[in-house]
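Colleague: I am new to this structure and would like a close look at one part of it, the enclosed empty space. Please take me through the cavities and what lines them.

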Amino acid sequence: MNGLLERWVANGLFALLWALGRLPLGLQQGLGRRVGDLMRLLNGREWRVAQRNLALCVPDMGLTERDALARESLRETGCLLLETCRLWTRPLADGLALIHEVENADLLEQALARGKGVIVAAPHLGNWELLNQYLASKAPISVVYRPPRQAFVERVIQRGRHHPGVSQVRAEAAGVRSLFRTLLAGGMLGILPDQQPKQGDGEFAPFFGVEALTMSLLTRLLQRSEAEVVFAWAQRLPASQGFKIVFLPGETAMHDADSASAIAALNRGVEACVRRAMAQYQWGYKRFSISPPGQPHRYDGHL
């Protein structure tokens, strides 16, 4: 796809997001839940992945309960999709107005006050786009992202996340160097800690008891700086009442020189967040698509 066509497609897609973003929050979330139901009724990949992930991560949960959790997770994912249309196409103040409560706000405030750098580890939980906006309202933040395959999608992402105080950094060599500089200057980073890295860019560590290839970037940043890490997510409140921002502390073991210990602590932190709002985790994400050497593929026969 040439550059001109990419711009046309990106502009057309953003126009669609803009139109959906004008809907009231209640209607957006209602449509999102229907999108999630459709993914289940069509036996889509997200539904099958969610079922498999939950079978791996909570094997003691009954099948009926797991299916209900998978169904609700897809509905919450649908809400995220429609909410993103709003957050990417409206002023920052509109998103901030959706936040009605902040739990453990002092964790972020104290970490910023230290002036040694802050890494906010934000799992695929709740609405991380709204979390980014809240963080940017407190201090400038560099948000790490993995470039999508399609260039026009990246154009849309960059345009949607272009808010005051937000810098977008590609997860590649040049970007990583800039992350170190940001931390050394006392700045703030936002990272999705449960995004599966490429083979060779991470280590295996337990996540809900399942060996998961886990990024080493975050723990390397901690080892080479005096930064502090906090976990955070924007939790969806019932009945379209908005959101609650939640902060949890990271384990000191995440600073260990031993990478296996540090990465295991990282996954424990993610798991602690997820257990607070199981249905709002993106269980439809193929978190375990890369298996440890010598072990079978975790999704074979299921997808």
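Modeller: What follows describes the cavities of this predicted model, beginning with the largest.

Searching the whole structure turns up 3 cavities of 30 Å³ or more. The largest cavity has a volume of about 70 Å³. Its lining is made up of L87, W88, E129, N132, Q133, V143, G160, R161, H163 and V166. Two helices, α4 (63–89) and α7 (128–138), each provide at least two residues of this lining. The largest share comes from α7, with 3 residues. Sorted by class, the lining of the largest cavity holds 4 nonpolar, 4 polar and 2 charged residues. Among the nonpolar residues are L87 and W88, while E129 and R161 are the charged ones.

The second largest cavity has a volume of about 40 Å³. Around this second cavity stand E76, T77, L80, H124, G126, W128, R236, Q280 and Q282. Here α4 contributes the most, with 3 residues. That helix therefore takes part in both linings, since α4 also supplies at least two residues to the lining of the largest cavity. By class, the lining of the second largest cavity comprises 2 nonpolar, 5 polar and 2 charged residues. The nonpolar pair is L80 and W128, and the charged pair is E76 and R236. Among the polar residues are T77, H124 and Q280; G126 also counts as polar in this scheme.

Key:
Residues are numbered from 1 along each chain as its sequence is written. This is a predicted model: local features need pLDDT of at least 70, side-chain atom pairs count only at pLDDT 80 or more; totals for chains, interfaces and linings use all residues. Side-chain values use heavy atoms; hydrogens and water are left out. On a 1 Å grid over the protein atoms alone, a cavity is a set of points where a 1.4 Å probe fits but cannot get out, and a pocket is an open set with protein on both sides within 12 Å along at least five of seven lines; lining residues have an atom within 4 Å of a point. Grid points are joined across faces, edges and corners, and a volume is the space filled by probe spheres set on the points. Helices (H or I, at least four residues) and strands (E, at least two) are DSSP runs, numbered from the N terminus.
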